[in-house]
Amino acid sequence: MSSALLRRVLLAGLLVLGILLATVTRQSAPTLPGEFAASIAPIFGFSFRLGQNARASLAAIFDRRDLRAEQRRMQAELQQLRQENQRLILENRRLQATLRVQAVQGLGVVAVAPVIDDDPSGLYRRLFLGAGSSQGLRVGMPVTTANGLVGVITEVTPNQAVVRTILDPESRVGVRLANAPGRGVAYGAPPRMLRVEIAPEANVKPGDKVVSGAIQGLYPAGITVGTVEQVLPVAPGALKKVLLVRPAVQLSLLEEVQVLRPL
C-alpha cells in the first residue's frame, strides 16, 4: 500500500472514530457516575471536539465540492453568454450595414450574403457567396457594401453565387464624377486598380470621387466606386482621358455583402 493511500485510510478512520466518539459522548456522558465522569471528562471533551472537527471537516469538503461544481456551472453559463453576445454584435453590425446601404444609397436590399471564398486562379477577381437562389439571389443583381460598389452576380446555384467584382478584367461599370460633369466607363485593372476612360474635357484631379452612372445599366446610379489616384497625360487628339482609380471597397477583406434588386 502506498504512503499516500495509507494516509487517506488513516484520515478516514480518524474522521469516523471522531464522529462515533462524539455520538457516544453525547449519549453516555450524562449517565456516568460523578467521580468516573469527572476523571474521564477530558477524554470525552477531546473526543467531542474531535468529532465536531471531523464533522466540520466533512462539511467543508462537501461544501467545497459543491462550490466547485457551482463554479464550473457558472463558467459554462458565462461562456454561453459571451458567445451569444458575440453573435448579437455580429448581427448588429450586419443590420447597421444594411441600414447604411438603404439610407445612403437609397436601394432595396434583397439579402445579406457571406463571402466564403475568392477566385484562386488569380486571373479574375471574383467572389463566392454563401447564399444562392434559395435565398432569393439571381443573376444580374448588383452587389455592394456601405462603403461602395462590389460587383454583379454572374452565376447562381441553390446555395451559392459568383460575383464578378469591379476589379475583374471583364468588368465594365458606367461611372461619372461625383462633384463635376464627366462620365465614362471603369474597366477592371487587376490587381488593385480601375482604369477609367472619361471625356478629355472633364475637369478631374487626384482625390476626386467616382460614382456609378447610368451607362452600362447593371448598376444603380450614385454608388461610390472609388477615388482618383492618378490622371494620365492626354495625348494630342486623344478621344479619352484615362484615370487610375482606387476602389472604395477593399475586396480582399470583405466578409459580407449586400445584394440589391436588379435594375
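**Group meeting: two barrels and a pocket**

Let's start with one residue pair: glycine 226 has proline 247, over in E11, as its bridge partner. That pair belongs to the contact between E10 and E11, two strands that run antiparallel and are joined by 5 bridges. I'll come back to E11 when we get to the pocket.

Before going on, a quick reminder that this is a predicted model.

Okay, the overall picture. We have a protein chain with 2 helices and 12 strands. If you read along the sequence, the pattern goes α-α-β-β-β-β-β-β-β-β-β-β-β-β. The chain has 263 residues, and 32% of them count as buried. For those of you who think in contact maps: take the contacts with a separation of 6 or more, and 58% of them come from residues 24 or more positions apart.

So where do the strands go? Let me take the barrel with E10 and E11 in it. Here 6 strands close up in the order E6-E7-E8-E11-E10-E9, with antiparallel pairing. On average, neighbouring strands in this sheet are turned by 40 degrees against each other, ignoring direction.

Let's walk along part of that order. From E10, which covers residues 224-231, we step to E9, and those two pair in the antiparallel sense over 3 bridges. If you want to find that on screen, look for lysine 209, whose bridge partner in E10 is threonine 227. Then E9, residues 209-212, pairs with E6, residues 172-177, again antiparallel and over 3 bridges. The pair to click on there is valine 175, which stands opposite serine 212 in E9.

While we're at E6, have a look at the loop between E6 and E7, because there's a residue in it I'd like to point out: alanine 178 sits in that loop, and with a relative accessible area of 31% it is partly exposed. Which residues does alanine 178 touch, if we skip those up to four places away in sequence? Lys209 and Val211. So that's the same lysine 209 we just saw bridging to threonine 227. There's also a distance for anyone who likes restraints: the C-alpha atoms of alanine 178 and isoleucine 223 are separated by 9.7 Å, with their positions 45 residues apart along the chain.Now the other barrel. Again 6 strands close, this time in the order E1-E2-E5-E4-E3-E12, and the pairing is antiparallel. From one strand to the next, the twist averages 45 degrees.

The strand I'd pick out here is E5, residues 161-165. On one side, E5 has E4, residues 149-156, and 5 bridges join this antiparallel pair. Valine 156 has alanine 161 in E5 as its bridge partner. The connection from E4 to E5 is a hairpin, through 4 residues. E5 also pairs with E2, in the antiparallel sense over 4 bridges. In that pairing, leucine 127 stands opposite valine 163 in E5.

How many of the 5 residues of E5 are buried? The count is 5 of 5. In a regular strand, side chains alternate between the two faces of the sheet. Here both faces are covered: Ala161, Val163 and Thr165 are buried on one side, and Val162 and Arg164 are buried on the other.

Let's zoom in on threonine 165, in E5. Is threonine 165 buried or exposed? The relative accessible area is 1%, and the cut-off for buried is under 20%, so threonine 165 counts as buried. Leaving out residues up to four places away in sequence, threonine 165 touches Arg125, Arg126, Leu127, Val150, Gly151, Ser171 and Leu251. Leu127 is the residue opposite valine 163, and Leu251 takes us to my last topic.

That topic is the second largest pocket, with a volume of about 370 Å³. Its lining has 17 residues, and those nearest the centre are Leu167, Pro191, Arg192, Leu251 and Ser252. Which strands each supply at least two residues of the lining? They are E2, residues 126-129, and E11, residues 241-247. E2 is part of the barrel that has E5 in it, while E11 is part of the barrel with E6 and E9. For the chemistry of the lining, the residues divide into 7 nonpolar, 4 polar and 6 charged.

That's it from me, happy to go back to any of the views.

Key. Residues are numbered from 1 along each chain as its sequence is written. This is a predicted model: local features need pLDDT of at least 70, side-chain atom pairs count only at pLDDT 80 or more; totals for chains, interfaces and linings use all residues. Side-chain values use heavy atoms; hydrogens and water are left out. Two strands pair if DSSP finds at least two bridges between them. Axes are lines fitted to C-alpha atoms, for helices over the stretch in contact, and angles run from 0 to 180 degrees between N-to-C directions. On a 1 Å grid over the protein atoms alone, a cavity is a set of points where a 1.4 Å probe fits but cannot get out, and a pocket is an open set with protein on both sides within 12 Å along at least five of seven lines; lining residues have an atom within 4 Å of a point. Grid points are joined across faces, edges and corners, and a volume is the space filled by probe spheres set on the points. Ala, Val, Leu, Ile, Met, Phe, Trp, Tyr, Cys and Pro count as nonpolar, Asp, Glu, Lys and Arg as charged, and the others, Gly among them, as polar. Buried means under 20% relative accessible area, exposed over 50%, partly exposed in between (1.4 Å probe, protein chains only). Contact means heavy atoms within 4.5 Å.
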